[in-house]
Every structure is written in C-alpha cells, then in structure tokens.
Amino acid sequence: MDTETTTIDQNELYDLDFNTTNSIDVPKLLIDQIIGQEHAVEVVKKAASQRRHVMMIGTPGTGKSLLAKAMAELLPKEELQDILAYPNLEDQNNPKIRTVPAGKGREIVMAHKLEAQKKTQSRNMLMMILVFGIIIYSFYVDQLLWGIIATIMILLLTRQLMPKEEMMIPKLIVNNYNKEHAPYIDATGTHAGALLGDVRHDPFQSGGLETPAHDRVESGDIHKSHKGVLFIDEINTLSLESQQSMLTALQEKEYAITGQSERSSGALVKTEPVPCDFIMVAAGNLDAVEKMHPALRSRVKGYGYEIFMRDSMEDTLENRRNLVRFVAQEVMRDGHIPPFDRSAVNEVIREARRRAGRKGHLTLKLRDLGGLVRVAGDIAHAESSPVTNDKHVLSAKKMARSIEQQLADSYLERRKDYQLFQKNGSAVGRVNGLAVMGGDSGIVLPIMAEVTPAQSSSEGRVVATGMLKDIAKEAVQNVSAVIKNITGKDTANHDIHIQFIGTYEGVEGDSASISIATAVISALENIPVDQSVAMTGSLSVRGDVLPIGGSTYKIEAAALAGIKKVIIPKSNEDDVLIEEAFKGKIEIVPVTNIIEVMEHSLVGVDKKRIVEKLSKLTNLKLNLDIPEVVPT
C-alpha cells in the first residue's frame, strides 16, 4: 500500500530558496504570524477595530492565546489611561478614583511624594529645634529629667495629632507608563481577588500605625486590562459569582474594588467605580460552552463574535510554506536553538501530516509541534551543531514523547511480559484489537468472547466487561445486530460474554466494532482467529466497515507488539503515514465490509464455509430484537 499519497507530491515542500530558517522573513506583528486560522484572524481584526468581545472554542494548542495577544497589538496605544486611588477625607472607607492619560499617573505620584517629603523635612526640623530648646532650657534650670519627659510627651502627641503627609499620597493602581501596546492580561484560573480587585487587610487599625484605605486598594485583572484585552482560558472554570461580576463589568465598563474576604478589614472599604473598559477574549473546549454562565455567553454572543478554531488545514503548497515560516518563528522566539536546515524542516512538515490524522491535511496543533521544534533544537545545541538537521528532529520525536505515549509503551511491555495478547498461532474467540490513548498513542487491545447457554428463559444477553462507556456500549449493541444477521443463529438462546482485557482506564468509542464482531463470530462458529493479525474499524448494522481515528498510531503500536498484519477501513487508507522504521515490518490490509475482515482474520477448515455464507448475504437487514447490553 502507498502510504505517501497526499494532495501534493511529498518532495514538493516549498519553492523557497533557503539553506536555513535564518533566511526566512518573520512578520513583526503577531497577527501576521498566525497560521491556518484565516477566518479567526479576519474576525479578530474586525473585533479589535470595533471593540467587540470574542469567544474562541477549540482544541488546546491551536493559537487561541496568540490571537488574543495579537488583538492587543491592534488596539490604539493613544487611548491608554492610568488609574489612581485618592484618600477620601469625608469617608476614609470610600477612596476616590481618578483617571489620567498613560504616563501621567507616575508623574502625579512622584510630585505628591516630593511635596510630602518637603513638608516632612520642615516639620522634623521644627521639632528638632523645639526639642533641643526644651532640653537646653531644662539643663540651665537644673530640671533635665523633667525636660526629657516633656520632650517625649511632645513627640508622642505630635505623632498622634499631626497629620501624616504620606497618607495624602495617591496610589497608582493601574500603570501604563511606557507601554508599547495596549495591555494584554491573562486571567486564566485567577481567584476572585486577583480578577476583580481586592483591599488588603490592615492588622494595625489604631494607634497611629494604620495604613490608609486607598493605599490598601489592589486593582484586579479587569482593571489592569482597561483599554486592552482580558484573556480567560477555560472560562467555565470560573465560579458563577465571578462570572456574574464579569457580566456587570462588561455592561457598566466600570467596577468598584472592595475586600473579597468578609473577615478582613478590607471588607469595609469600597472604592468609587473603577474604569474597566476591556475587550474580553474567552476561550475553552466545547464543554466550556455548556458550563459557561448563560447570561455572560449571551453578552458575548450579542455584542461580539464566536469562533471555532480549526485543528487542521489542507495539505497545499502554500500551507507547507506557512509551516516553513512557523519553524522560523519558533526558532526566533526561543533564541537559544540553532536554525533548521531544509532536511529538518522537511521532517517537521512530515510530522505535521502525521499528527493531522486525516488524509490531505496538516495539523494546526502548533503548540505541540513547536515543542518538537524546541526539543530538536536543544539536541542540536547539546551537540554544538551550527544547524538543526533531520536526525535531530527524529531523535526529538523519540525524546519528546507524551505521557500517553510513554504509558502506552509501558502497557505494551507489561502485556508482553504477562502474555495479555498473543502474536502467534490461532485461538477461538480471541482478537487483537487496537485503540488510541491520549490522541497520539496506540495500544494493542485484546478482546475475548465466549458464548454460553442463556441463563434467562426469556432471551439471551450480551454481557460486556472492561469499563465500557456510552459510545462503546452502543457499538456492542450494533455489533450484536450484525452478528444475528450474518451467522443466521438465534442468539436469543445464548449469552454472549465480551471482555476487553486490561482496560483499567475504560473504553470509549466504536473503533473496536470489527474486533468485537470477529471475536463473537469466532466463538459462535468455533473458528480460530489468526493471532498475528490486529484490526481496527467501526461497523455499521449492515456490515460495512466505517472509518476511525488514529489509524497511524494504531498501526505503529501493532508493529511494536510484533503483529504481522493490520486490518483497517479502506476509507482510512490515505490517512496512514507510519514512520520509516515500521515500513516493511507489517502488512496493512484495507477492507470495506465484514466479509473481507473474516477472509483476512479467520483460519482453519471452516473458514471457507463462513466466508461463503457471508458472501451470499448481499442485503443484510437489521434485526430489531437487539439484546440489552449489561454493564458489569
């Protein structure tokens, strides 16, 4: 099978003439560095010009935070403001708020400090003259002890009664001095005080040692992002109270700061409303939409944009050139790794094709791909190589394995040691299925089936064990319908037991459907299954083999396990892009229906009988009497 078929020729990676990525031009603006999300870039530009809120939903690592940073660069710097908190002489628990142009707040605070310093120096000088005068006078009248006592009393009374100049100095709670761009604040996972602002507790509230209320005010992220961008990833993890407060801030564009802890002295303090005219960029996975506060989402939806982030792009020449630029961008951002040559870039693009898991596409999970670039660069740097080449990238792919990949390898070794799966000979009712762990790691999933007389007098049951989840249970039900039709046996008189061996983490999805069908048919007809064969594929109720995900990773897992042949859906044939090390070690067999699965997996003298029987069933019909799946 040709596993290199794509939209364009494999060797036609780019028409750029370069030796290393140092010669690739990298755009200065972040918005121009974003790859594969053209629809999102267009929306962000519109949202920045009209000051609209944005919600981005999609797979992690597809560029949501980078888009938010890019939006901050597009906002006008001239509108930035500083925010100061002033003491309120009429009500010290209600500090006053003042906004000034960016950079002026620092000047105002410095001016107040200089003035307070001058007044303090003048007062201290006067007190020193008075103290020396009293002591000298008491010495001449021979009452030195009383003079010292009088001096101490005057100093104490002065400390209590005289106003403190420092208490009148305003506090700069939002400082945009010398900012090159509008503020970008990442408020992901912050608690209420950090998000909405807080007032520090004052343990010394009497005796002249207390800190003025305005000096204890701390701005929140919503205030620091005034005239800028507030980015919140996984927004559904915020408490409902915080989301409700966010809604108020979005509507009013100002939010007063108060103490968040009711046991703190700061709970008595509440400032005047503090400006917080920010653009909110909310992000998350699909579950964020369901768990997000409905009123807050309605605000974003009614006064902004919702974007679904793509996780792959078409494998075209233009997009491959974009990936060349992506590698150059990652090298430039890191600043500590050697540039990549053409062979290294070629290997990175090949990995992008593999990780897409879809024929004719390149992955847009660029954070993970950037991690591969940095690890490869680190290996080249450790070898003191002037450039990073394809050998460094190949080494990085082994070194930068995900936790799931390392765990899958550990499972594979353990199952080999304890013979949880077989790779030689044949066995009745036993099939080597394949599964994906964590999205990028394949594992061998042994499945066993046993048919026994029905315990119930009314009908038989299908008992499936192995921590099956909803989709996996439905897959077993569909398979049971197919088995009834293609075997012609009345399964109502039998109990069918299906076991997924070693699935401590549970089973989800329907990609083991053909494995289940093969194991059950083998048990019903007492025909052995070739144990050197592994398989993956979904199964329709009419016996068609349907496409699945992660075909490349599953095939590589089978090859590592010593399996000689892998059966996959015909529709996944072009998705396969296995590593060079596995080519020639395993035979890949694409199939379209359950008949072809039986031809390549069953062995023995009775194999021909069941295959001919299946071949005569040209129009499989659904039997509505589907036995119930009993979770165990």
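Helices and strands are taken here as DSSP runs, of at least four residues for helices and at least two for strands, numbered from the N terminus. In this predicted model, the protein has 19 helices and 24 strands. Of its 632 residues, 49% are buried. Among contacts with a separation of 6 or more, 76% join residues 24 or more positions apart. The exposed surface of the protein comes to about 30800 Å², of which carbon and sulfur atoms supply 52%.

Five strands form an open sheet with parallel pairing, in the order β5-β8-β9-β1-β10. The edges are occupied by β5 (184-186) and β10 (304-308); each has a single partner strand, so one side of each lacks a neighbour in the sheet. From one strand to the next, the twist averages 15 degrees. Within this sheet, β1 (residues 53-57) and β9 (residues 279-284) are paired in the parallel sense over four bridges, and Val-54 stands opposite Val-281 in β9. Helix α1 (residues 38-50) packs on the sheet, where it touches β1, β9 and β10. The direction of α1 makes about 165 degrees with that of β10. Helix α9 (residues 294-302) also packs on the sheet and touches β1, β9 and β10, but the direction of α9 makes about 100 degrees with that of β10.

The loop between α1 and β1 contains Arg-51. This residue is not a glycine, yet its phi is positive, near 55 degrees. Arg-51 has a relative accessibility of 24% and therefore counts as partly exposed, the range for that class lying between 20% and 50%.

A positive phi, of about 60 degrees, is also found at Ser-384, again a residue that is not a glycine. Ser-384 is located in the loop between α12 (366-382) and α13 (390-399). Its relative accessibility is 63%, so Ser-384 counts as exposed, the cut-off being over 50%.

Helix α16 (residues 513-525) was examined for its length and its burial. At 1.5 Å a residue, its 13 residues should span 18 Å, and the end C-alpha atoms are 18 Å apart, so the expected and modelled values agree. Burial extends to 13 of the 13 residues of α16, and the helix is therefore largely enclosed by the rest of the structure. Just after α16, Asn-526 takes a positive phi of about 60 degrees.

Key
Residues are numbered from 1 along each chain as its sequence is written. This is a predicted model: local features need pLDDT of at least 70, side-chain atom pairs count only at pLDDT 80 or more; totals for chains, interfaces and linings use all residues. Side-chain values use heavy atoms; hydrogens and water are left out. Buried means under 20% relative accessible area, exposed over 50%, partly exposed in between (1.4 Å probe, protein chains only). Contact means heavy atoms within 4.5 Å. Accessible areas come from the Shrake-Rupley method with a 1.4 Å probe; for residues, only the protein chains shown count as cover. Two strands pair if DSSP finds at least two bridges between them. Axes are lines fitted to C-alpha atoms, for helices over the stretch in contact, and angles run from 0 to 180 degrees between N-to-C directions. The expected span of a helix is 1.5 Å times one less than its number of residues.
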